[in-house]
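Here is a short tour for anyone who likes to look at the atoms directly. Have your viewer ready, and let us go through it together.

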Amino acid sequence: MTNSDFAIREKAFKALDSFLIEIPSWGFANTGTRFGKFVQAAAASTIEEKFADAAEVNRLTGVTPALALHVLWDLPNGLDDVGAVRELEHRYGVRSGSINPNLFQDQEYKFGSLCNPDAAIRERALQHVFDCIEIGKALASRDISLWMADGSNYPGTQSIRKRIAWLEEALRAAHDRMLPNQRLLIEYKPFEPAFYHTDVADWGMSSHLARHAGPQAYVLVDTGHHYMAQNIEQIVAWLLHTGLLGGFHFNDRRYADDDLTLGSIDPYQIFRIFHEILCAASDGIKLDIAFMIDQSHNLKGKVEAMVQTVVAAQELFLKAALVDREQLAIHQRDCSLVAAEEMYRGAFWTDVRPLLREWREARGLPADPLAALAASGYVERIAREREKRSTAVSSYA
Ligand code: PSV
Ligand code: MN
């Protein structure tokens, strides 16, 4: 091994050691589109099964020790379910990750939750956020990851400004309930399910709300929540500059919020996002960014899709880590456009898979997590077990 190979290996191992990514409980459950659901025998239907699947992904990849929870789906009895979740954390060696309030499923949220014109509904929605903050405290989980479906479908039917004020007030009240170590991550989305206006439509609105709420509030960037031509890494650079970047929901898309596998359509974009983050880190900006996956697959096997996504995230992070940032800064200063771009693209086109295999072997992990999953027979086993259970349940029905 030459000195430069050795230096690259060191750099790669350091980057990979620093990289963790949280996986979503809802990525293991049966989900569908508004047109229908294709049910999978191996899908998780209980919180225990979601923890079991998350533990399997962590066993194979070593970088997913936390499972994001969606309160209504995972803790339907709120705080009363915390004891059971703690027990599952111990049993499966996976901790609870971000806590996601559910402000979109109840019938009363037809015209909004925290932005509903009815004060009583706004109050109930806020109470749910407070409950989630208490759940976060009880589970020692740091982040409350807040996304609302609020918005309107027809011009002139809602006061956009009144709704801003209600939201400001609610988020500040939520912020005041948090412990000093908790954070409120405010996720934006420009469309769906509301198709005329969304109350938190972009990073500017999230940034404003975070600043208004208080110092423990940050912006959450879901890569699927942008208009097609938007330059997401520029948004990331601005959020890094303003100290407001709290976390990511990673996924890919071709048209809208498609929940496709990270990097399956535009891996270069994720590389560019990671590059901005790594540049900020090497420039001495203190970062605390929650990397999370937000994908639920209808066609792919759930556990396979999750492992594949985690591996893709590591590959893209590693490619970005291999950019020679010092040399790039020189090319940027000199406006050596082609040299700069070739260096940047060169890192992107590097096949990092051999380095990743080496790192995994050095860390006692399977060299090829997807092959190890296939060899383990895990998916076939849970499919048999879960199918039996659902047949047993339906025969009672
Ligand atoms: C909304 O599209 C979203 O990205 C939010 O993060 C939700 O919590 C998640 O998807 C659930 O499907
Ligand atoms: Mn999301």
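The report below covers the ligand site and then the cysteines.

## About the model

Please keep in mind that this is a predicted model.

## Where the ligand sits

Ligand 1 takes up the space of the largest pocket. Around ligand 1 you will find Trp-26, His-70, Asn-100, Trp-147, Glu-187, Lys-189, Asp-222, His-225, His-249, Asp-257 and Asp-294. By residue type, this shell splits into five charged, four polar and two nonpolar residues.

## Polar contacts to the ligand

Three side chains are worth displaying here: Lys-189, Asp-222 and Asp-257. A polar side-chain atom of Lys-189 is 2.8 Å from an oxygen atom of ligand 1. For Asp-222, a polar side-chain atom is found 3.0 Å from a ligand 1 oxygen, and an N or O atom in the Asp-257 side chain lies 3.2 Å from an oxygen atom of ligand 1. On its own, ligand 1 has 310 Å² of accessible area, and the protein covers 85% of that.

## Cysteines without partners

How many disulfides does the count give? The count is zero, with the rule asking for two cysteine sulfur atoms within 2.5 Å. Take Cys-132: its closest cysteine sulfur belongs to Cys-115 and is 16 Å away, so the distance is too far for a bond. Cys-132 also counts as buried, because its relative accessibility is 0%.

Cys-279 is likewise in no disulfide, and the nearest cysteine sulfur, in Cys-335, is 16 Å away.

Note on methods. Residues numbered from 1 in each chain as written. Chains lettered and ligands numbered in written order. Predicted model: local features only at pLDDT ≥ 70, side-chain atom pairs only at ≥ 80, totals over all residues. Heavy atoms only, no water. Buried < 20%, exposed > 50% of the residue type's maximum accessible area, 1.4 Å probe, protein only. Near = heavy atom within 4 Å. Polar contact = N/O pair within 3.5 Å; in protein donor to acceptor, adjacent residues only side chain to side chain. Areas by Shrake-Rupley, 256 points an atom, 1.4 Å probe, with all protein chains shown as cover. 1 Å grid on protein atoms, 1.4 Å probe; cavity = no way out; pocket = protein on both sides within 12 Å on 5 of 7 lines; lining within 4 Å. Sits in = over half its atoms within 2 Å of the grid points. Nonpolar A, V, L, I, M, F, W, Y, C, P; charged D, E, K, R; others polar.
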